[in-house]
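Student: I've got a model open and I'd like to talk through its interface and pockets. Can we take the terms as they come up?

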Amino acid sequence: MATETSEANARFECLLRQGDSTLILAQRLAEWCGKAPALEEDIALANVALDLIGQARLWLAYAGETEGAGRGEDDLAYLRDAHDFRNLLLVEQPNGNYADTIVRQFFFDAWHYPTLQALSQSADERIAGIAAKAVKEVAYHLRRSGDLVVRMGDGTAESHAKAQAAADRLWMYTGEMFERDGVDAAMIAQGVTRDAAALREPWLAHVREGFVEATLTLAAPDAWMQTGGRHGRHTENLGYILAEMQFLQRAYPGAQW
Amino acid sequence: MVTLAPAAVATEVYATVAQVWTWLAEVPDPEIPVLSIVDLGIVREVAWRDADGRAECVVTITPTYSGCPATEAIAASIVAALHDHGVADVTLEIRIAPAWTTDWLTDAAKEKLKQYGIAPPAQQTIAIGAIGRGRRAEPVVECPRCASTRTQCTSPFGSTPCKAMYRCLDCLEPFDYFKCH
């Protein structure tokens, strides 16, 4: 029984990690809506955010069912506090200038794509189904963020400098994507997920390829890395995101429309 | 109204499965009304089920994009359409695997899209392995107005999740392209 409980709990945590990273990044991207630098960019960011929100709903609905405590996708999105969120620190980083947003997206997409490819082979059919659906959407996200990194890096002196500064600043949030803890070990043993550490080299190769074409310099792969998001230890940014995202349900509990 | 009493369902059903399919084929997609939800391959299965002595029509749908806002409108319009035809008990089931693909669009649907001014998907499912910039092949997209293949993508994301924005280099018209998915 104890094993069963911890197995369900590991699966719940694993689903929250996927769901929360997509939810928080979607919320960040939606902040650009109506004020992106060009109409096409505005539309593209809203589209990417929409895909990610759709994916978050699928992950969080399943997380709620797995938990078995009667919480649905909305309860998980709107009624948890920052320390209960399991998203990567990378996705909660501020939008900053447009290069900050795009480099953040490229780092994330280049991880998200192979992660979903691996999850589409999951022994958990529901996870495999969600991932197989999401990976098709993320293929377009990755193509776009990769293209933009090249346009910025290999653009003007100013866009290059901004893209380089963004890459240098965000680099310390990329290590977390390839970590493995007890939750991961339990899920790997069940065939639910694959070892994220195995994705690091392909991720690095993809990012490096993009950076070479973008004439950007990649930080040292063995640089010191931040950690904690997957365990609920967040940067101060998350609280502000939640304050906005959860306002309605906090102020008017149970509101529906 | 056709009244049938197949062995599997003891109660009355109001229409054959084939009849329900023809009704669903008249339900337009809310974003691209020239196509029906059947043309798009969203409706996967129709069946009658015995629910405590009542005949219940079960419609299984596979949504397109994860976050497509049309999904909820589609669900509501399916229920409304069947109610209009006298089917009182409708249950919608969502099936996400296998994932929706533009490969499910029929040739007739692609032709309708083109007539409507949207270039249909140019190839079968996206070659997902080829995401590296140097390795990927861009689809040859035909202008829905002048049929030129000298076209250019202006943005990979458009007014709905399923479309990209293109322009024709010959007739100079901008147009929507229904992305491979």
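Tutor: Sure, starting with polar contact: a pair of N or O atoms within 3.5 Å, where, within protein, one must be able to donate a hydrogen and the other to accept it, and residues adjacent in sequence count only if both atoms are side-chain atoms. Between chain B and chain A, eight residue pairs are in polar contact, both at pLDDT 80 or more.

Student: Where does that pLDDT condition come from?

Tutor: This is a predicted model, so local features need pLDDT of at least 70 and side-chain atom pairs count only at pLDDT 80 or more, while totals for chains, interfaces and linings use all residues. Side-chain values use heavy atoms, without hydrogens and water, residues are numbered from 1 along each chain as written, and chains are lettered from A and ligands numbered from 1 in written order.

Student: Why is R57(A) with E72(B) called a salt bridge?

Tutor: The rule wants a side-chain nitrogen of Lys or Arg within 4 Å of a carboxyl oxygen of Asp or Glu. In this pair the closest N and O atoms are 3.3 Å apart, so the salt bridge qualifies. The rule finds one salt bridge across the interface of chain B and chain A.

Student: What makes residues of the two chains count as in contact?

Tutor: Heavy atoms within 4.5 Å. By that test 34 residues of chain B are in contact with 33 residues of chain A.

Student: And how much area is buried between chain B and chain A?

Tutor: About 2800 Å², with carbon and sulfur atoms giving 60% of it. Buried area is the accessible area (1.4 Å probe) that two parts lose on being put together, summed over both.

Student: What makes something a pocket rather than a cavity?

Tutor: On a 1 Å grid over the protein atoms alone, a cavity is a set of points where a 1.4 Å probe fits but cannot get out; a pocket is an open set with protein on both sides within 12 Å along at least five of seven lines. The largest pocket holds about 1300 Å³, the space filled by probe spheres set on grid points joined across faces, edges and corners. Lining residues have an atom within 4 Å of a point, and of the 41 here, those closest to the centre include R57(A) and E72(B), the salt-bridge pair.

Student: Which residues are closest to the centre of the second largest pocket?

Tutor: D147(A), C153(B), T154(B), S155(B) and P156(B), out of 29 lining residues. That pocket's volume is about 730 Å³.
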